[in-house]
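Dear colleague,

Please find below the structure I am handing over to you, together with its sequence. My findings follow directly after it.

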Amino acid sequence: CEPPPAVGHFEDILIHLPRFCLFLILGPATSDLGTSRPLLEVVRTGNYCGRMQDGHDGAASSPHMASSPNTVDQFAPNPDYDSCRSLINSYFYQITLGCGTVHCTNRNCFSCPEGPRLDPTTAALLAVKLAQSTTHYLCAGAAITIPESLQWTDSRQSAEVVPLKTMLANAASSAQSQVELSAALRRCLSNPDSLSWSFLKNGKPSRATEHQSGIDCNAVAEAYAAMLKPGQGPLAIVNARGELTDSMLSDVVAAALEDLCRGAIVPAQGTAHKLEPLRLFVIVLLFPGLMEPEYHNTIFKKLCSAINSLSQEQRDIIKCWMSECPANMFRDTIVAFQQFITIYVNEYRCIDDHVASATKVLGILWGTNQTAHLVSFKEFYNDAINELVDFTEDFARWKDIQRCSFSFCAHPYVLDPGTKSKLLQLDANNQMRTQIRGALFRSIFGGSECPYLILKVRREQLIRDTLLQISACQHQQEDLKKPLKVIFKGEEGIDEG
């Protein structure tokens with residue numbers, strides 16, 4: 001039989017392998033399995049299960065063995081088929097993609113430094129062999145299912161991949177193509193699992209790591225630009241009532257992302273070892289529509305809330321992944337957050353949970369820029385905050401965490417040098433008042449203590465005398481925070497009322 005083609009997905013390999021080859025690989029179980037049933041019953045009609053009930057090998061007696069190899073997908077599997085296929089699938093993805101663990105020690109895993117580096121066809125055959133073993137070595141993150149996804153690349157696709165670039169090009173040809181495009185966008189952009197496996201590099205499935213997301217940010221940019229391009233005509237869609245109508249492509253994209261944010265996009269408990277669900281946050285953060293006020297309630301606020309609901313480790317991973325973005329896209333994301341904060345502070349004159357949430361996510365982007373240096377640090381200064389916020393009150397909230405959990409003083413990346421100098425002055429005055437009160441209480445209950453820092457200097461030795469007395473206070477640094485009084489020796493002050 002002819003060798004199978006080198007394709008990228010295990011399902012494609014099973015489909016293209018001739019039926020006789022499949023029977024040889026997956027057919028009657030060997031004696032070490034301790035059973036007379038085949039591991040995967042690919043061919044089955046009536047009572048046929050790899051071996052006939054009378055014990056004779058069904059390879060020659062089954063009428064399906066004489067049929068065309070192209071009819072392999074017409075065979076009806078028995079109930080054990082799905083579990084066997086899932087096991088082989090898990091081995092295949094472990095061999096080709098890995099489990100995502102940084103220091104994996106399983107030598108049958110791609111994530112292991114000593115793991116296999118095989119072409120897809122050889123990996124599929126090895127997956128079948130490993131699945132026939134009585135002992136299985138599957139990593140925790142290996143059992144994955146690749147959902148339907150959007151890919152921008154024109155490379156060879158599998159049945160689960162929606163070729164977005166091709167579908168956009170074909171949308172102008174017929175209403176049916178437009179309906180298929182809009183339906184695919186709604187399915188993939190509104191589904192967290194689908195979006196997490198979309199827009200990958202080279203259009204091929206890959207596991208995410210702590211340092212690499214696997215997302216092709218340029219593909220994301222091109223896709224958004226094509227879908228949101230102004231001047232496009234209406235797109236034929238099928239609405240919720242099953243009626244054929246039309247809508248703008250940009251509205252279809254926005255509606256899908258609204259549905260996404262309306263659901264639960266925070267990874268479920270127990271999936272901490274799987275990093276792929278975090279990819280959707282990067283893709284949505286790059287959505288140009290975040291700049292539009294009409295999407296603030298439906299997308300922006302919910303996105304910020306979801307990101308802040310993640311664990312600190314997950315937020316750090318997103319911070320690292322955002323460094324893969326081109327500088328212009330990264331700057332546009334910052335502008336979207338600055339615009340949201342400015343609107344709320346300038347127009348609504350309020351600092352609510354949404355402003356706090358957006359400021360915290362902006363901090364993640366600031367952390368990205370600290371290492372990647374994509375934009376100037378001045379891009380994070382917010383004029384509305386620096387000009388309109390009462391920093392005397394904000395400073396008090398910062399000092400009293402129990403009173404309020406959020407203050408701009410705790411997020412200095414949005415503050416310009418002028419505001420920071422005011423905060424230093426406020427802090428100095430606050431410490432000075434604290435020392436005065438402390439000195440007064442101690443003088444009342446414990447003896448005399450001057451509430452001032454008094455320097456006695458000579459005019460001709462002004463600098464020398466000052467430095468000597470300040471140096472003498474190094475063992476009592478709290479005195480340096482007291483209000484300053486200067487006495488010039490030999491020049492008694494005159495009280496003029």
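A network of salt bridges links Arg186, Asp259 and Arg262. Please bear in mind throughout that this is a predicted model.

Salt bridges

The count of salt bridges comes to 11. Within the network just named, the side chains of Asp259 and Arg262 meet at 2.4 Å, N to O. These two residues belong to helix H10 (residues 249-262), where a spacing of three residues separates them by about one helical turn. An α-helix has 3.6 residues a turn, so residues three or four places apart point the same way. Asp259 is partly exposed, its relative accessible area being 26%, whereas Arg262 is exposed, with a value of 51%.

Another salt bridge joins the side chains of Asp316 and Lys319, at 3.7 Å from N to O. Both residues are in helix H13 (residues 312-321), again three residues apart, or about one turn of the helix. Asp316 has a relative accessible area of 33% and is partly exposed; Lys319 also counts as partly exposed, at 30%.

What does the salt bridge between Glu379 and Arg331 tie together? The closest N and O atoms of this pair are 3.6 Å apart. Glu379 lies in the loop between helix H15 (353-372) and H16, while Arg331 lies in helix H14 (residues 327-346), so the salt bridge ties together parts that are 48 residues apart in sequence. Glu379 is partly exposed at 30% relative accessibility, and Arg331 is partly exposed with a relative accessible area of 31%.

Helices H16, H17 and H18

In helix H17 (residues 391-399), the buried residues are Phe391, Asp394, Phe395 and Arg397. Viewed down the axis of H17, they fall within an arc of 160° and therefore line one face of the helix. Their packing partners are helix H16 (383-388) and helix H18 (417-446). At the start of H17, a side-chain oxygen of Asp390 comes to within 3.2 Å of the backbone nitrogen of Thr392.

H18 consists of 30 residues. From its first C-alpha to its last, H18 reaches 42 Å, close to the 44 Å expected at 1.5 Å a residue. The buried positions in H18 are Thr419, Leu423, Asp427, Gln435, Gly438 and Ala439. These buried residues pack against H16 and H17. Contacts between H17 and H18 are thus described from both sides: the buried residues of H17 pack against H18, and those of H18 pack against H17.

Strands S5 and S6

Which residues of strand S5 form its covered face, and which its uncovered one? In S5 (residues 453-457), Leu453, Leu455 and Val457 make up the covered face, while Ile454 and Lys456 make up the uncovered face. S5 pairs with strand S6 (residues 484-488) in the parallel sense, over five bridges. Within this pairing, Lys456 of the uncovered face stands opposite Ile487 in S6.

With kind regards

Note on methods:
Residues numbered from 1 in each chain as written. Predicted model: local features only at pLDDT ≥ 70, side-chain atom pairs only at ≥ 80, totals over all residues. Heavy atoms only, no water. Buried < 20%, exposed > 50% of the residue type's maximum accessible area, 1.4 Å probe, protein only. Helix = DSSP H or I, 4+ residues; strand = E, 2+ residues; numbered from the N terminus. Arc of directions from axis to C-beta. Contact = heavy atoms within 4.5 Å. Polar contact = N/O pair within 3.5 Å; in protein donor to acceptor, adjacent residues only side chain to side chain. Expected span 1.5 Å × (residues − 1). Pairing = 2+ DSSP bridges. Salt bridge = Lys/Arg side-chain N within 4 Å of Asp/Glu carboxyl O.
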